[in-house]
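Okay, thanks for coming, everyone. Let me put the structure up and we'll walk through it together.

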Amino acid sequence: MTTNARIAVPQGVKPTTNVTKGFDLSQKEGYRLNVASRSESPASGRGTPVNVPSADSGDDLKFSKGKEKLDPVVLYRKERGDVREHLYMVVIGHVDAGKSTLMGHLLYALGQVNQKTMHKYEQESRKLGKQSFMYAWVLDETGEERNRGITMDVGSFQFETKHKTITLLDAPGHKDFIPNMISGAGHADVALLVVDATRGEFETGFDYGGQTREHALLVRSLGIAQLAVAINKLDTVSWSQQRFDEIKVKLRTFLRQAGFRENDVAFVPCSGLTGQNLVQEPTEKELLSWYNGPSLIEVLDNFKCPERPITKPFRFSVNDLFKGTGSSFCVSGRVETGFLSVGERVLVCPSRELAVVKGVAIEESPKQFIFAGDQASVTLSGIEMQNVAVGFILSDPGNPVQISSKFQAKIVVFNVTVPITKGFSVILHHQSLVEPAVVSKLIAQLHKNTGEVIKKHPRFLSNNTSAMVEIQTTRPIALELYCDCKELGRIMLRVSGVTIAAGLIMKIIL
Ligand SMILES: Nc1nc2c(ncn2[C@@H]2O[C@H](COP(=O)(O)OP(=O)(O)OP(=O)(O)O)[C@@H](O)[C@H]2O)c(=O)[nH]1
């Protein structure tokens, strides 16, 4: 079954829970003060009162307060106890590494794409002289992607392994589409890195400026700790063990430096085109002569499911919006922490507007609750659609996300051609948010391993340095300290389409 990044949600799912009792004015006042005193107002100064929606308020107000009484762990067990573990996996790698072909073939081998459809893709791709892309067509759905033979948007597909349900996000390898890739990876739990074993091709992707390097650094910076590496297209080097080992050694050293633990990285030899070692036991004699490890699907099945921070305050990052019927509309994204139930109120930040949750859904199926780790859509009412945007955060009104346009971050610089100096302009990536910013202060250069200050107020920062800097955005944004919420405490800095640094938010300046 294919799913789009956009997930439609049925409108007007009625709140049916009766878990709460009332929502009093003192709580609203307290929350209003709380928000105003923690941050600068986006548009009109401190203390701007929040917009309390009037629509349906009588009924909806009562759901917010009693949420504290629900034990998220008990609730999660009750709601999801018998559901298979669900992982979101982003597929990354240099352009043409064979990501779409590999995943298309894997899905076909798993029986997720029927023979008739595959036959159709084969015929149509042959007509266009692009038969080698027939498996890639399973994921590259748009005409333009098929004509150009490249992935542009993040395609998504769901499949089952022995123990898990995996939603795969096929990220574009082309450097022009890295912002799409960042958005896809920001919502993933684990990553599959695909590298092309063909002589010369692996080296191109692995060189400075190659996407193998950049993607691996990006996913680690986005908090992904587990990685499977498919050493793909081994058919082009006659299944050479020497080539496999050579690539593995180079990648292992680099991935360790990028912050991956050795035990969290698995390497698997395969060919997306011929289908060797994807699901079935390999039949290639040369491969069998030196490899008896797991197939790709077994490697994916062995991923550990990351913990879901369901006991933390509710945070939801918005990565898409779409109109529903009537006055309500939907936002889709990921529950970063906590949980949400239908009928609750959420604070939309940084616009600081209250909204009422009319419905929640996962993959078009309405739910009563959504939990940390879920990719879901939320139908909102009581708020104008123009007051919500991609990159916004929905949070618990009683414990809202912070809002500021200035913060300190500990960054690692990895790809600058011109050293970073005070006032350096960058594009800040924070979950799905893409926002112009400047590095307003270079506070200290830090030791890369120990984090100790080695130089105060450095005049510039060059490649491979670690530093504490102050960053100022043009508009206030919703963010969190890394120590409070890993998911919303990471940032990435890009310049002219290249990622130059990644970092952690250490102090929010209000
Ligand atoms: N020989 C060989 N060719 C392959 C293999 N996998 C993919 N290819 C070819 O490599 C080319 C690129 O494949 P894609 O699957 O589109 O690559 P991609 O990494 O998804 O490309 P982007 O989405 O644009 O980044 C196509 O011509 C494929 O047929 C393989 O295992 N062996």
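I'll start with the whole chain, then go to one strand, and finish with a lysine.

First off, keep in mind that this is a predicted model. The protein has 510 residues, and 48% of them count as buried. In terms of secondary structure, we've got 13 helices and 23 strands. If you take contacts between residues at least 6 apart in sequence, 75% of those join residues at least 24 apart.

Now, the inside. The largest nonpolar core has 129 residues, and M89, A191, A230 and I231 touch the most other members. Strand β21, residues 466-479, gives this core its largest share, with 7 residues. As for M89, leaving out residues up to four places away in sequence, its contacts include I166, L168, A188 and A191.

So which strand should we zoom in on? Let's take β6, residues 227-232, where 6 of 6 residues are buried. L227, V229 and I231 point one way, while A228, A230 and N232 point the other way. On one hand, β6 runs parallel to β5, residues 190-196, with 6 bridges joining them; A191 has L227 as its bridge partner there. β6 also runs parallel to β7, residues 265-269, through 5 bridges, and A230 stands opposite V268. Add helix α11, residues 241-257, and β6, α11 and β7 make a right-handed β-α-β unit.

Last stop: is K162 buried or exposed? K162 counts as exposed, because it has just 9 C-beta neighbours inside 10 Å. You'll find K162 in the loop between β3 and β4. Its C-alpha is 6.5 Å from that of D301, which is 139 residues away along the chain.

Technical notes: Residues are numbered from 1 along each chain as its sequence is written. This is a predicted model: local features need pLDDT of at least 70, side-chain atom pairs count only at pLDDT 80 or more; totals for chains, interfaces and linings use all residues. Helices (H or I, at least four residues) and strands (E, at least two) are DSSP runs, numbered from the N terminus. A residue is buried if 20 or more other C-beta atoms lie within 10 Å of its own, exposed if 12 or fewer, and partly exposed in between; C-beta atoms are placed from the backbone. Two residues are in contact if their C-beta atoms, placed from the backbone, lie within 7 Å. A nonpolar core is a set of buried Ala, Val, Leu, Ile, Met, Phe, Trp, Tyr and Cys residues joined through C-beta atoms within 7 Å. Two strands pair if DSSP finds at least two bridges between them. A crossover is right-handed if, with the strands pointing away from the viewer, the path from the first strand over the helix to the second runs clockwise.
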